Amino acid sequence: MTRKINFNAGPAGLPLSVLEEARDEFTDYRGTGMSIVEHSHRGKAYEAAHNEALSLFGELLGLPSTHAVLALQGGASLQFAMLPLNFLPAGRSADYIVTGHWAKTAFNEAGKVGTVRKAADTAEADKRYVRLPRPDDISIDPKAAYVHMTSNNTIFGTQWTSLPDAKGLPLVSDMSSDILSRPIDAAQHSMIYAGAQKNLGPSGLTVVAVRKDWLKESRTDIPDILRYQKHLDANSLYHTPPSFGVYLFGLNLKWIKANGGAKGMETRNKTKADLLYGALDRLTGFYAAPVEKASRSWMNVVFRTPKPELDDLFCAEAEKAGMTGLKGHRSAGGVRASLYNAVSPENVKTLVSFMEDFAQRKG
Ligand SMILES: *Cc1c(COP(=O)(O)O)cnc(C)c1O
């Protein structure tokens with residue numbers, strides 16, 4: 001078997017040992033004579049996997065007991081709508097810090113539900129999303145229902161390293177592309193959400209961590225399926241959960257825990273980011289990395305070669321050398337290497353060697 005080195009932005013690679021464990025027990029889940037995908041979500045076998053995964057997630061995230069974990073469906077995109085449906089009542093407004101494609105989509109979607117306001121927009125300042133807002137760029141409406149941010153901008157390759165000052169308002173963060181990549185101060189957030197397919201598991205699962213007392217303020221006049229409180233009351237078994245996704249999420253969380261938890265991931269991810277940005281900074285005669293240094297993402301590294309045709313050739317040759325998923329997002333172009341948890345430092349060294357060789361041959 002030849003496994004590719006997977007630099008996809010999402011769905012992303014998972015550790016081989018996690019896939020092997022799932023394979024080994026796929027047809028007979030822990031002696032039950034059935035696959036986990038065939039078990040009832042109301043049965044003991046699935047419920048144990050479900051509860052274990054949700055509680056391990058809270059543990060690894062450092063979530064205080066004031067917060068609850070929910071396992072939902074619909075991706076981060078459904079959260080763009082569900083958040084304002086629950087927490088943006090008529091007559092109020094919500095603040096959005098717009099730092100990239102997904103942050104803007106979250107803003108636009110919420111604007112269909114209620115009144116929204118941009119607390120910052122880094123593309124307005126610089127025309128491109130190449131840096132995060134400086135404190136002076138952010139103006140918070142003191143009456144806002146909440147402040148929404150995107151902790152890592154997957155397409156443009158920027159990542160927050162410290163939280164913006166939300167002036168004491170509920171802070172909500174879309175962490176789809178950097179959740180559990182390093183420790184965070186979970187208690188500073190009223191809500192965190194993430195589609196699982198980038199750093200946590202397979203697609204189809206979305207995880208939410210939300211402050212329970214904030215939920216008391218959420219709207220009750222919306223369909224139950226869209227209410228966080230209903231999902232919490234039912235322990236995320238309000239309806240059939242994405243059971244295979246939750247199970248695989250649980251296996252992956254055990255792998256994260258065995259590798260040092262969020263702290264261990266931080267060391268691993270810093271090593272990888274240093275390797276790749278180090279190469280980009282050495283090879284500036286050939287590669288250009290547009291993101292301001294202080295805003296660089298450890299998760300999604302964007303760069304380009306001198307010509308779009310060479311970007312295409314770079315990706316094609318990398319593919320032949322066993323590295324996949326390097327093409328930049330269709331809206332941004334260039335090259336993007338996504339270095340989620342499952343990517344190893346060795347994998348990044350392979351990419352760097354390839355980059356050095358490519359620059360020498362084509363430069
Ligand atoms: C991928 C991504 C999304 C969209 O996620 P879906 O699960 O496909 O809806 C939203 N936000 C961020 C930051 C992302 O990286």
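This is a short dialogue about reading a ligand site, two helix pairs and two backbone features in a predicted model.

Trainee: What should I know before I start?

Mentor: It's a predicted model, where local features need pLDDT of at least 70, side-chain atom pairs count only at pLDDT 80 or more, and totals for chains, interfaces and linings use all residues. Residues are numbered from 1 along each chain as its sequence is written, and side-chain values use heavy atoms, with hydrogens and water left out.

Trainee: Okay, the ligand. How many residues surround it, and which are the closest?

Mentor: A residue counts as near a molecule if one of its heavy atoms lies within 4 Å of it. Here 13 residues surround the ligand, and the closest are Ser 77, Thr 154, Asp 174, Gln 197 and Lys 198. By class, the shell has three nonpolar residues (Ala, Val, Leu, Ile, Met, Phe, Trp, Tyr, Cys and Pro), two charged (Asp, Glu, Lys and Arg) and eight polar (the others, Gly among them). Helix H3 (residues 75-87) gives the largest share, four residues; helices (H or I, at least four residues) and strands (E, at least two) are DSSP runs, numbered from the N terminus.

Trainee: Which ligand atom does Asp 174 approach with a polar side-chain atom?

Mentor: A polar contact is a pair of N or O atoms within 3.5 Å; within protein, one must be able to donate a hydrogen and the other to accept it, and residues adjacent in sequence count only if both atoms are side-chain atoms. Asp 174 puts a polar side-chain atom 2.6 Å from a ligand nitrogen. Thr 154 has one 2.4 Å from a ligand oxygen, and an N or O atom in the Lys 198 side chain sits 2.6 Å from an oxygen of the ligand. Taken alone the ligand exposes 390 Å², and the protein buries 87% of that (Shrake-Rupley, 1.4 Å probe; for residues, only the protein chains shown count as cover).

Trainee: At what angle do H10 and H11 pack?

Mentor: Axes are lines fitted to C-alpha atoms, for helices over the stretch in contact, and angles run from 0 to 180 degrees between N-to-C directions. Helix H10 (residues 308-320) and helix H11 (residues 345-362) pack at about 135°, axes 11 Å apart. They are therefore oblique (under 35 degrees is roughly parallel, over 145 roughly antiparallel, 65 to 115 roughly perpendicular, the rest oblique).

Trainee: And the backbone: is the peptide bond from Gly 10 to Pro 11 cis or trans?

Mentor: That bond is cis, with omega near -5°, and Pro 11 is in the loop between strand E1 (5-6) and H1. Also look at Lys 167, which has a positive phi of about 55° although it is not a glycine.
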